[in-house]
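Work through the exercises below with the sequence and the 3D view side by side. Try each task yourself before you read its solution.

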Amino acid sequence: MIGFVILHYKNLNDTLEAIASIRKNTSKKHKIVVVDNASLNSGDAKMLSKRCDDLIINSTNLGFAKANNIGCQRAIEKYSPDFLCVINNDILICQKHFDEKVCKLY
């Protein structure tokens, strides 16, 4: 199983597209953790939480590395994935069966 960690900052549409691309091009054996760097309003947070498996909302902008580390830690502790795929919110997974191909390498 792959755990995806997506760092979100201000661009909700990009984050939703990234999540949709994961859902479309992977099997159901994945978990998506989104880390927001203090940019979501309550309405957007509610919408985003319905699309991912876990939403972490930082109270301040912790920067790229610290925010991703928080997401990775949550994914490992909660889901125990075989792999972590850390992506920015403007990355799309376009290759069909992406997760199966990655797991074959293992």
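**Exercise 1. A loop residue and its neighbour in space**

Task: In which loop is A38 found?

Solution: A38 is found in the loop between β2 and α2, where helices (H or I, at least four residues) and strands (E, at least two) are DSSP runs, numbered from the N terminus. Before going further, note that this is a predicted model, in which local features need pLDDT of at least 70 and side-chain atom pairs count only at pLDDT 80 or more, while totals for chains, interfaces and linings use all residues. Residues are numbered from 1 along each chain as its sequence is written, and side-chain values use heavy atoms, with hydrogens and water left out.

As a next step, look at the backbone: the phi of A38 is near 60°, which is a positive value in a residue other than glycine. A38 is partly exposed, with a relative accessible area of 37%; here buried means under 20% relative accessible area, exposed over 50%, and partly exposed in between (1.4 Å probe, protein chains only). Finally, find S59, which has its place in the loop between β3 and α3 and is exposed at a relative accessible area of 74%. The C-alpha atoms of A38 and S59 are separated by 5.3 Å, although the two residues are 21 residues apart along the chain.

**Exercise 2. Another positive phi**

Task: Find the loop that holds K10 and state its phi angle.

Solution: K10 lies in the loop between β1 (2-8) and α1. Its phi is positive, at about 70°, although K10 is not a glycine. With a relative accessible area of 60%, K10 is exposed.

**Exercise 3. Two strands and a helix**

Task: How many bridges join β2 to β3, and do these strands run parallel or antiparallel?

Solution: Strand β2 (residues 30-36) and strand β3 (residues 54-57) run parallel and are joined by four bridges; two strands pair if DSSP finds at least two bridges between them. Within this pairing, V35 stands opposite I56 in β3. Now add helix α2 (residues 42-51), which together with β2 and β3 makes a right-handed β-α-β unit. A crossover is right-handed if, with the strands pointing away from the viewer, the path from the first strand over the helix to the second runs clockwise.

**Exercise 4. The surroundings of N37**

Task: Is N37 buried or exposed, and what does its side chain reach?

Solution: Begin with the position, since N37 is found in the loop between β2 and α2. Its relative accessibility is 3%, so N37 counts as buried. Next, follow the side chain, which is joined to the side chain of N58 by a polar contact of 3.1 Å and reaches the backbone oxygen of G63 at 3.3 Å. A polar contact is a pair of N or O atoms within 3.5 Å; within protein, one must be able to donate a hydrogen and the other to accept it, and residues adjacent in sequence count only if both atoms are side-chain atoms. Leaving aside residues up to four places away in sequence, N37 also touches several others, among them L7, H8, Y9, F64 and A67, where contact means heavy atoms within 4.5 Å.

**Exercise 5. Charged pairs**

Task: How many salt bridges does the structure hold, and which residues join into one network?

Solution: The structure holds three salt bridges, each being a side-chain nitrogen of Lys or Arg within 4 Å of a carboxyl oxygen of Asp or Glu. In one of them, R23 pairs with D53, and the closest N and O atoms are 3.9 Å apart. This pair links distant parts of the chain, with R23 in helix α1 (residues 12-25) and D53 in the loop between α2 and β3, 30 residues apart.

Turn next to D54, which forms a salt bridge with R74, the closest N and O atoms being 2.9 Å apart. D54 lies in strand β3 and R74 in helix α3 (residues 64-79), so the pair ties together parts that are 20 residues apart in sequence. D54 also meets K78 in a salt bridge (3.2 Å, N to O), and this pair links strand β3 to helix α3 across 24 residues. Through shared partners, salt bridges join D54, R74 and K78 into one network. As a last step, compare accessibility: D54 counts as buried at 7%, whereas R74 counts as partly exposed at 32%.
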